[in-house]
Amino acid sequence: MKKLNICKLSLSILILCHYITIAQNPIVRNQFSADPSARVFGDRVYVYPSHDILATEEKGKKDWFCMEDYHVFSSDNLIDWTDHGMIIHQNKVPWVRPESYSMWAPDCIERNGKYYFYFPSTPKDTVVDGKGFSIGVAVSDKPSGNFIPEVKPIKGVKGIDPNVFIDKDGQAYLYWSARDIFGAKLKENMLELDSEVKTLADLPSKGLKEGPYVFERKGIYYLTYPHVENKIERLEYAISDNPLGPFKVMGVIMDESPTGCWTNHHSIIEFKNQWYLFYHHNDYSPTFDKARSIRADSLSFNADGTIQKVIPTLRGIGVTNATKEIQIDRYSKISDKGASIAFLDPLNSFKGWKTILNDSSAWIRYNTVDFGKKPLKSIVVKVSSRSGGTIQIRTQSKDGVVIAEVKIPVNTEWQNIEVPLKKFQTGIQDLSVTMTESNKEVEFDWISFK
Ligand code: FUB
C-alpha cells in the first residue's frame with residue numbers, strides 16, 4: 001500500500017518521500033495521526049496532524065496521549081497523499097522539555113511566503129509534574145519544511161490547540177484553548193501577541209471546549225470547536241461578524257463518535273470549490289482512543305450560511321481511479337444483512353481491512369470511481385473463500401448495470417482472479433459488489449479494473 005519514491009525537493013537535494021497511494025478514511029495509512037489542521041497552499045492541500053505513538057515504560061505515560069514529533073502530508077487530488085516526513089521533534093525545540101511527549105494539536109499558516117507552524121508542548125521551565133502547556137512557533141520557507149523553531153514559546157499564551165486565522169484586512173489572530181477558548185491579535189511578525197487575550201464569550205459554559213478553528217465565509221466568521229455536551233466530544237460551531245466575537249452558538253457539525261472515541265479535533269478548508277471537514281477517529285486502534293487516525297469528508301453550507309451536519313464516512317473524499325486497488329471496505333453504503341468489515345490482520349491493523357459477504361442479500365457500495373474514457377477490459381478481485389461463491393459488480397446502484405460476474409473458487413489463501421468485463425461504462429461511476437448465493441462466504445481485499 002505504501003511505496004518509496006525519490007522526490008526532488010530542490011535543485012540540489014534529493015530526499016526520500018513516502019507516497020501513500022490510497023486515500024479513503026483514514027487518510028494516513030503508515031502511522032497514527034490526529035488533530036488534523038488542513039491548509040490549502042498553492043494547488044495542494046497540506047495536513048499538519050499530531051502524531052500519536054504508543055507509550056512504553058520508557059516513553060510517555062501509559063494510557064495517555066504520547067507524541068514526540070510532527071509529520072506533514074500533502075496531496076493535489078485528495079487521493080494520493082505524500083508523507084513529507086518529520087518536521088519537528090520535541091528534543092530539537094529549545095523551549096520544550098525533552099522526553100515530555102506532549103506535542104499536541106498544531107496548526108500552520110502562510111504569510112508573505114513564510115510558513116508559520118504553531119504547536120503546543122510542555123515547556124522546560126514548567127513545574128515538575130509536567131502539567132501546563134505553552135505554544136511555540138517554527139518558521140519555514142516551504143510548507144513541508146525545513147521548520148526552524150523559535151527559541152522561546154509565545155509570551156502570554158498558556159494552553160493547547162493553537163489555531164491561526166488571517167482576516168481579509170491582513171490582521172492575524174491566534175486562538176487556543178485551556179478549557180475555555182481564547183483569542184488575541186498577532187503582530188505582523190506572527191510570533192508575538194498584539195492585544196490583550198480575550199476569553200471568547202457566549203460559548204457553552206458547561207463541558208470541555210477545545211480545538212478552536214476559525215474561518216471566514218461570505219462575511220461570517222465561524223468559530224468551530226470540539227465540545228463535551230454529553231460524555232465525549234462532538235464538533236460544534238458558533239458565528240460572529242467579528243473574529244474575536246461575541247459569537248452565537250449555532251449547532252453541531254459532527255455528532256459524538258458512535259464507538260466512543262473521546263476526542264475529536266478538526267479543520268475546515270475549501271479546495272477546488274468544495275468544502276471539506278478534516279477530523280479524527282481511532283480507526284487503527286478501536287480499543288484505545290489515544291491512538292487516532294485522521295479522516296476527511298465533504299462539508300456543505302445551507303443558503304443562510306449554516307453548516308449541514310457531516311455524517312462520517314469510510315469512503316472519505318476524492319475520486320478513485322478504476323485502475324487502482326479500490327479498497328471497497330472503505331464503503332459508501334453497506335447492506336444491513338450479510339456484509340461486514342474486519343482487519344486483514346488483527347495483530348497489525350495497519351495492513352488494512354477486508355470485506356466479508358455471506359448472504360445472498362449482501363452488498364457493499366463504493367462511490368465515485370473514475371473509469372476514464374478508454375474502455376477497460378477486465379476486473380481483478382483479490383479474494384479468498386472457504387465455500388466459493390459468485391459475486392456481481394454493478395455500476396450506479398445496487399440494481400444498476402451488471403458489468404462483471406466473478407465465480408470465486410474455494411481457496412482460503414488470497415488470490416487475484418481476473419475476468420473480462422461484460423460491459424464498460426465511461427466516466428465517474430458508483431460501484432456495488434453483490435453476493436448472489438446463500439450459504440456462501442467470500443472475503444475481498446480490493447477490486448481493480450484493467
Ligand atoms: O491530541 C491531544 C489533544 O486531544 C488535542 O490537543 C485535543 O484537541 C484532543 O484532540
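**Close-up views of two domains and a ligand site**

**View 1. Two domains, with centres 36 Å apart over C-alpha atoms.** Welcome to this predicted model, in which local features need pLDDT of at least 70, side-chain atom pairs count only at pLDDT 80 or more, and totals for chains, interfaces and linings use all residues. Residues are numbered from 1 along each chain as its sequence is written, and side-chain values use heavy atoms, with hydrogens and water left out. Domain 1 covers 2-299 and domain 2 covers 320-449, with bounds that come from an automatic or database domain assignment.

**View 2. The interface of domain 1 and domain 2 buries about 940 Å².** Buried area here is the accessible area (1.4 Å probe) that two parts lose on being put together, summed over both. Carbon and sulfur atoms give 62% of this area. On the side of domain 1, Q24, R29 and Y284 lose the most area to domain 2, and together they make up 51% of what that side buries. Contact (heavy atoms within 4.5 Å) links 13 residues of domain 1 with 10 residues of domain 2.

**View 3. A salt bridge joins K324 and D80.** Their side chains meet at 3.6 Å, N to O; the term stands for a side-chain nitrogen of Lys or Arg within 4 Å of a carboxyl oxygen of Asp or Glu. Between domain 1 and domain 2 the count is one salt bridge. Three residue pairs, both at pLDDT 80 or more, are also in polar contact across this interface. A polar contact is a pair of N or O atoms within 3.5 Å; within protein, one must be able to donate a hydrogen and the other to accept it, and residues adjacent in sequence count only if both atoms are side-chain atoms.

**View 4. The ligand and the residues around it.** Have a look at the shell, which includes D35, F65, W104, D161, H265 and R292 (each with a heavy atom within 4 Å of the ligand). By class, the shell has five nonpolar, three polar and four charged residues. In this scheme Ala, Val, Leu, Ile, Met, Phe, Trp, Tyr, Cys and Pro count as nonpolar, Asp, Glu, Lys and Arg as charged, and the others, Gly among them, as polar.

**View 5. Polar side-chain atoms of D35, H265 and R292 beside ligand oxygen.** For D35, a polar side-chain atom lies 2.5 Å from an oxygen atom of the ligand. The corresponding distance is 2.7 Å for H265, and an N or O atom in the side chain of R292 is 2.7 Å from a ligand oxygen. On its own the ligand has 270 Å² of accessible area, and the protein covers 100% of it (Shrake-Rupley method, 1.4 Å probe).
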